[in-house]
Each structure stands twice: as structure tokens, then as C-alpha cells.
Amino acid sequence: MRIRVKNIIFILVGAAIFSFGLVHFNMQHNLGEGGFTGITLLFYFLWHIDPAITNLILNIPVFLIGWKILGRNAFIYTLVGTFSVSLFLWIFQIYQIPIGLENDMTLVALFAGVFIGVGLGIIFRFGGTTGGVDIIARIINKYTSWSIGRAMFAFDFLVIVTSILTFLELSEGMYTLVAVFIGAKVIDFIQEGAYAAKGAFVISDQSEEIANQIMKKMDRGVTVLNGEGSFSKEKRNVLYCVVARNEVPRMKSIITQTDPFAFVSVTTVHEVMGEGFTLDENKRPLNE
């Protein structure tokens with residue numbers, strides 16, 4: 001697959017958001033972080049070493065792992081993400097904006113988590129990482145059922161404990177945990193929630209008519225599954241259809257108009273690939 005300019009642009013945007021949050025909330029208010037970012041902050045608060053430099057030095061061996069495991073495109077996107085984070089960290093340290101939240105550490109922790117979570121979520125969403133634990137988390141996500149946010153939280157916890165034992169006060173460590181937890185949830189939301197659609201299972205004596213109406217009026221495909229009642233042993237068709245969230249009321253209206261007694265189960269679909277969602281009717285990628 002070729003490298004996409006759009007992906008690189010969004011990775012740069014994500015790196016800028018991430019770096020802004022790190023400088024203006026974590027560094028300005030003495031909060032730690034997890035992963036390699038937490039290690040760079042540890043070096044910063046203990047020995048005043050610029051995180052922009054530490055970030056690059058720590059990631060050199062990880063780049064080699066990324067090249068072998070993530071492949072060419074992910075590796076290039078990772079280089080873009082890592083170097084852009086260091087660049088924006090350097091820029092935002094020079095041109096800082098006073099936030100003025102010294103007396104409200106709860107808001108500091110919340111905004112730190114949101115900015116870092118949104119930034120990393122965008123970077124991950126478009127195929128990049130910022131190196132370090134981000135790469136390890138992607139590898140775990142690739143080969144296990146762990147989400148990226150969950151894997152990062154586990155690593156983050158270890159780094160934060162080390163930070164508490166070295167330079168963070170207990171209260172600052174607790175606020176840091178809050179920020180990291182929020183960041184992990186925001187990452188998962190952007191990774192999965194951004195795709196969210198709705199899937200509907202429909203059981204009805206008029207399944208064929210319902211399927212025809214959905215395809216005709218909504219231009220959505222319907223899959224017919226063979227079902228059997230556990231108690232009655234009666235065989236009947238089960239319809240399955242995936243629609244956008246804003247299409248659910250219309251779909252339910254079509255079903256009830258056709259069969260008011262139909263059994264309908266609507267579930268959340270976190271990711272959808274295929275015609276009508278990521279491909280057009282000619283099987284070409286949407287939003288190319």
C-alpha cells in the first residue's frame with residue numbers, strides 16, 4: 001500500500017495536539033505520564049533534559065523493532081509521528097501559553113488526558129505511532145485481544161509508579177493516573193467509537209418483505225441467515241443489516257410498518273469495512 005499524504009497530515013495534527021497537551025498541562029503543572037513519554041518527563045524533572053531530545057534517543061532501538069514487525073508503511077508513519085512530536089515539543093516549549101490552572105489540578109488532569117488521548121488517537125487512527133510504548137501497544141493489539149488503550153495503560157502504570165517513587169508527590173501521582181486513564185479511554189473512543197454504526201438482527205414472518213423495503217428505501221444490503229427457535233424448533237430467516245447511527249430510526253420505522261410484531265435487536269458496531277461505508281458501489285475507497 002502506498003503512503004498517503006492525508007495520513008501524514010493528520011499524524012502531524014495529532015502530534016501537535018499531543019505535544020501541546022504535554023507541555024501545557026503535564027510539564028507546566030508537574031504531572032507525569034506513562035510509557036516513553038513518562039520516561040522523558042522523568043528525565044526532564046530530575047535532570048532538566050529536554051523531552052524533545054530524550055524522545056528521539058529512546059526511540060532509536062524501538063525503530064528497529066517497528067521496522068521488522070509493523071512493516072514499511074507503519075514504520076514510515078511512526079518516523080513521522082515520532083519526529084513531529086519532538087519538533088512540536090521543542091516549538092511549544094519556546095512559545096508557551098500560560099494556562100493558569102495551578103489551583104485546579106482536577107481540570108489539569110482532565111485536559112491533560114483529553115489532549116494526549118485525542119492526539120494519540122488521531123495518530124493511531126491514521127496508521128502512525130509516536131514510538132516507544134505506542135509501538136509495543138500496537139503489536140499487542142495486533143496479536144491479542146487487548147485494545148491499544150488497555151495495553152498502554154498497563155505500561156503507563158509501571159512508569160507512573162516509578163515516577164511517584166522519584167519525583168512526583170503522591171497527589172501529583174494520583175492526578176497523573178486520572179489523566180492517563182482518561183487518555184486511554186479517549187484513544188479507544190477515537191479508534192473505535194469514530195467508526196461506530198448499528199447492526200440490527202430482525203426475526204419476522206415477513207422477513208423477505210422487510211429486506212426488500214430496507215434495500216429499496218435505504219439502499220442498504222441485508223444478509224439472510226438461517227435460524228431455528230430453541231424451544232419451538234421452528235426454522236425461519238434472520239435478517240442482519242448494518243446502518244449508520246442516524247439511519248436507525250428510519251430502519252425501525254420500515255420494520256414496524258411492515259411487521260409491527262417483528263423481533264428486532266440493535267447492537268453497536270465499532271468498525272465497518274466494505275461497500276457503503278469504506279467502499280462505494282464500484283468497490284473504490286471512499287474519501288480517498
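**Group meeting: the sheet and its helices**

Let me begin with the surface of this chain, which exposes about 15400 Å², with carbon and sulfur atoms supplying 63% of that area. Please keep in mind throughout that what we are looking at is a predicted model. Turning from the surface to the interior, buried residues make up 47% of the 288 residues in the protein chain. As for how the chain is connected to itself, if we take the contacts with a separation of 6 or more, 73% of them are between residues 24 or more positions apart.

Now to the elements, of which there are 9 helices and 4 strands. Read from the N terminus on, their order is α-α-α-α-α-α-α-β-α-β-β-α-β.

The strands are where I would like to spend the rest of my time. They form an open sheet of 4 strands in the order S2-S3-S1-S4, and the pairing is antiparallel. Strand S2, residues 223-228, and strand S4, residues 263-269, stand at the edges with a single partner strand each, so one side of each has no neighbour in the sheet. From one strand to the next, the twist averages 25°.

Within this sheet, strand S1, residues 197-203, runs antiparallel to S4 and is joined to it by 7 bridges; in that pairing, lysine 198 stands opposite threonine 268 of S4.

Two helices then pack on the sheet. Helix H8, residues 207-218, touches S1 and strand S3, residues 235-243, and its direction makes about 15° with that of S3. Helix H9, residues 248-258, touches S1, S3 and S4, and the direction of H9 makes about 10° with that of S1.

Notes:
Residues numbered from 1 in each chain as written. Predicted model: local features only at pLDDT ≥ 70, side-chain atom pairs only at ≥ 80, totals over all residues. Heavy atoms only, no water. Buried < 20%, exposed > 50% of the residue type's maximum accessible area, 1.4 Å probe, protein only. Contact = heavy atoms within 4.5 Å. Areas by Shrake-Rupley, 256 points an atom, 1.4 Å probe, with all protein chains shown as cover. Pairing = 2+ DSSP bridges. Axes fitted to C-alpha atoms, helices over the stretch in contact; angles between N-to-C directions.
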